[in-house]
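Q: Could you teach me how to read a helix and its surroundings in a model like this one?

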Amino acid sequence: MPEEKPKPAPEPANDPPPARPVVPGPIGPLVSPYRGPGRVTNVPPATRWRSRGGPRVAHTACGPAWTCDACGRDWPCPALRATPTDAARRATLIPEYSRITRQAIRDLRGQPGGPDPVAIVRRFLWFLPLTDEEARAVALRLR
């Protein structure tokens, strides 16, 4: 019997992959995000911040006194603190309230009879369970 020679393996094809089609211009029309039935803008309803029968009053404040514009109590006032804060809301509040706390420490630290920085941190970050040591560390970072 004659000796059989092994057959050579077929050579792999080195063809490049097919090019992706180029789509000119925008993919589709710009569609505004859905805001719910009848919602045109992302503005809270006026009734949320309005006291009964009076003008709009929001529970906001700014320095140097840091008292509530609506009720005149130390800000954040009990009405603002009563809003529920779940984990997702706390995550969005922490950066903003840290910035506000930094400003409040600068404004309230030197006032006679004013709160110390640790008390300011506990007041402005009420939604976080902070010990005195943790509040002191945050106050040192925010000075």
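A: Gladly! This is a predicted model: local features need pLDDT of at least 70, side-chain atom pairs count only at pLDDT 80 or more, and totals for chains, interfaces and linings use all residues. Residues are numbered from 1 along each chain as its sequence is written, and side-chain values use heavy atoms, leaving out hydrogens and water.

Q: What covers the buried residues of α3?

A: Helices (H or I, at least four residues) are DSSP runs, numbered from the N terminus. The cover over the buried residues of α3 includes α2 (78-81), α4 and α5. Buried means under 20% relative accessible area (1.4 Å probe, protein chains only); in α3, Leu93, Tyr97, Ser98 and Ile100 are among the buried residues.

Q: Which helix gives the most to the largest nonpolar core?

A: In soluble globular proteins, nonpolar side chains tend to be buried together. A nonpolar core is a set of buried Ala, Val, Leu, Ile, Met, Phe, Trp, Tyr and Cys residues joined through side-chain atoms within 4.5 Å. Here the largest one has 23 residues, and Trp66, Trp75, Tyr97, Val121 and Phe124 have the most contacts inside it. At least two residues of this core come from each of α3 (87-108), α4 (117-124) and α5 (132-142), with α3 giving the most, six residues.

Q: What does Ser98 touch?

A: Contact means heavy atoms within 4.5 Å. Not counting residues up to four places away in sequence, Ser98 touches Leu125 and Leu142. A polar atom of the Ser98 side chain also lies 2.7 Å from the backbone oxygen of Ile94.

Key: Buried < 20%, exposed > 50% of the residue type's maximum accessible area, 1.4 Å probe, protein only. Polar contact = N/O pair within 3.5 Å; in protein donor to acceptor, adjacent residues only side chain to side chain.
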